[in-house]
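Thanks for making time, everyone. Let me put the structure up on the screen, and then I'll walk you through the parts I looked at.

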Amino acid sequence: MGAVARVDRVFDALGDPGRRALVATVAARGSATATELAAELPVTRQAVAKQLGVLMDAGLLQPTRVGRETRYRVTPEPFDDAAAWLVEMGARWDERLAALGRSLTRARASTSSVGVLQHRRTRGKPARPDDGAASGA
Amino acid sequence: MELHVEREVVVPADPGEVWEALTEPERLEEWFATEAELDPRPGGEGVFRWGDGEERRAVVREAEPEERLVLDWDDGGEVVLELEEVDGGTLVRVRETSPDFAAALELSALAWAPSHA
């Protein structure tokens with residue numbers, strides 16, 4: 001196979017979201033069997049086996065026989081960079097969005113107490129530093 | 001080749017509150033980065049630092065308050081944040097696109113070619 005055809009195969013193989021998920025899962029686990037992947041992803045073992053074939057043809061995964069089973073690994077550099085990016089960025093956004101939810105919950109709690117204080121002041125009570133804090137507690 | 005990561009979450013706040021959390025540096029430091037600087041206008045610059053010493057720089061490509069924020073990272077990647085009011089709060093949709101790995105893959109394919117040709 002020529003270089004151009006090879007690049008096309010890599011791009012085609014990664015154009016499918018299911019195959020990208022498969023590669024990301026293999027990368028996250030280090031290595032995996034078709035059975036393990038079928039257990040982890042919402043697809044059948046036959047579907048996994050078929051997609052693994054496409055990914056191997058593209059040179060993105062390599063099989064290793066371990067006893068009776070075949071384990072798949074992500075082919076090293078430079079594809080590792082891409083797979084690592086997917087796994088790491090996904091994990092980062094999961095953490096960030098959880099933190100965003102906590103931050104907004106805190107902000108909403110403090111904003112509503114400020115709102116109460118401001119509301120009291122607009123009703124003409126003198127704004128003393130201890131005014132709202134004492135009565136609002 | 002570009003890859004992307006997509007996430008969606010509903011947060012208990014209205015789009016205005018979420019927009020503040022997405023664009024005010026001191027709020028960004030509560031969830032996005034350890035240190036944040038951001039001028040949230042098209043063409044504005046952002047600098048984000050994390051505890052492990054990582055620093056990323058970005059330029060704001062789009063900023064539609066309470067709706068959509070798009071940053072172009074200086075490594076070629078981008079992040080799109082979209083907000084939509086829903087029951088119970090705001091749906092936050094994130095799509096981060098990787099830098100272009102194509103050049104590296106292509107070099108690698110050329111390097112492999114002789115043994116596969």
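**Two helices, then a sheet**

So, in chain A, helix H2, residues 17-29, packs against helix H4, residues 45-57, at an angle of about 85°, and their axes are 10 Å apart. At that angle, H2(A) counts as roughly perpendicular to H4(A), because anything from 65 to 115 degrees goes by that name. Who makes the contact? On the H2(A) side you've got A:Gly18, A:Arg19, A:Leu22 and A:Val23, and on the H4(A) side A:Val48, A:Gln51, A:Val54 and A:Leu55. Sort the residues of that contact by type and you get five nonpolar, two polar and one charged.

Before I go on, please keep in mind that this is a predicted model.

Let's stay on H2(A) a moment. Its buried residues are A:Arg19, A:Leu22, A:Val23, A:Ala24, A:Val26 and A:Ala27. Here's a little sanity check on the helix: what should the 13 residues of H2(A) span at 1.5 Å a residue? The expected span is 18 Å, and the end C-alpha atoms of H2(A) are 18 Å apart, so the two agree. Right after H2(A) comes A:Gly30, with a positive phi of about 95°.

Further along chain A there's a hairpin. Strand E1, residues 61-66, and strand E2, residues 69-74, of chain A pair antiparallel over six bridges. As a marker on that pairing, A:Arg65 sits opposite A:Thr70 in E2(A). There are two residues between the strands, and A:Gly67 in this hairpin takes a positive phi near 65°.

Okay, over to chain B. You're looking at three helices and seven strands, and along the sequence they come as β-α-α-β-β-β-β-β-β-α. Of its 117 residues, 29% count as buried. For contacts in chain B with a separation of 6 or more, 37% are between residues 24 or more positions apart.

How are the strands of chain B ordered in the sheet? The order is E1-E7-E6-E5-E4-E3-E2, in an open sheet of seven strands with antiparallel pairing. The edges are strand E1 (4-11) and strand E2 (35-38) of chain B, each pairing on one side only. From one strand to the next, the twist averages 20°.

Let's go through some neighbours in that sheet. E2(B) and E3(B) run antiparallel and are joined by four bridges, with B:Glu37 opposite B:Val47 in E3(B). Six residues lie between the strands of that hairpin, and B:Gly43 there has a positive phi near 90°.

Next door, E3(B) pairs antiparallel with E4(B) over five bridges, and B:Glu45 stands opposite B:Val59 in E4(B). This is a hairpin too, with five residues between the strands, and B:Gly53 in the turn takes a positive phi of about 95°.

Then strand E4, residues 55-64, and strand E5, residues 68-73, of chain B pair antiparallel over six bridges. Here you can find B:Ala63 opposite B:Leu69 in E5(B).

And strand E3 of chain B, residues 45-49, has two faces to look at. B:Gly46 and B:Phe48 are on the covered face, while B:Glu45, B:Val47 and B:Arg49 are on the uncovered one.

What lies across the sheet? Helix H1 of chain B, residues 15-23, lies across E1, E2, E5, strand E6 (78-86) and strand E7 (89-97) of chain B, and runs at about 160° to E6(B). H1(B) is mostly covered, with seven of its nine residues buried. Those buried ones are B:Pro15, B:Glu17, B:Val18, B:Trp19, B:Ala21, B:Leu22 and B:Thr23.

One last residue, and then I'm done: B:Pro42, in the loop between E2 and E3 of chain B. Is B:Pro42 buried or exposed? B:Pro42 has 12 C-beta neighbours inside 10 Å, and the cut-off for exposed is 12 or fewer, so B:Pro42 counts as exposed. Leaving out residues up to four places away in sequence, B:Pro42 still touches B:Val60, B:Arg61, B:Glu62 and B:Ala63. Take B:Val60 as an example: B:Pro42 and B:Val60 are 18 residues apart in sequence, and their C-alpha atoms are 5.0 Å apart in space.

Notes: Residues numbered from 1 in each chain as written. Chains lettered and ligands numbered in written order. Predicted model: local features only at pLDDT ≥ 70, side-chain atom pairs only at ≥ 80, totals over all residues. Buried ≥ 20, exposed ≤ 12 C-beta atoms within 10 Å, placed from the backbone. Contact = placed C-beta atoms within 7 Å. Pairing = 2+ DSSP bridges. Axes fitted to C-alpha atoms, helices over the stretch in contact; angles between N-to-C directions. Parallel < 35°, antiparallel > 145°, perpendicular 65-115°, else oblique. Nonpolar A, V, L, I, M, F, W, Y, C, P; charged D, E, K, R; others polar. Expected span 1.5 Å × (residues − 1).
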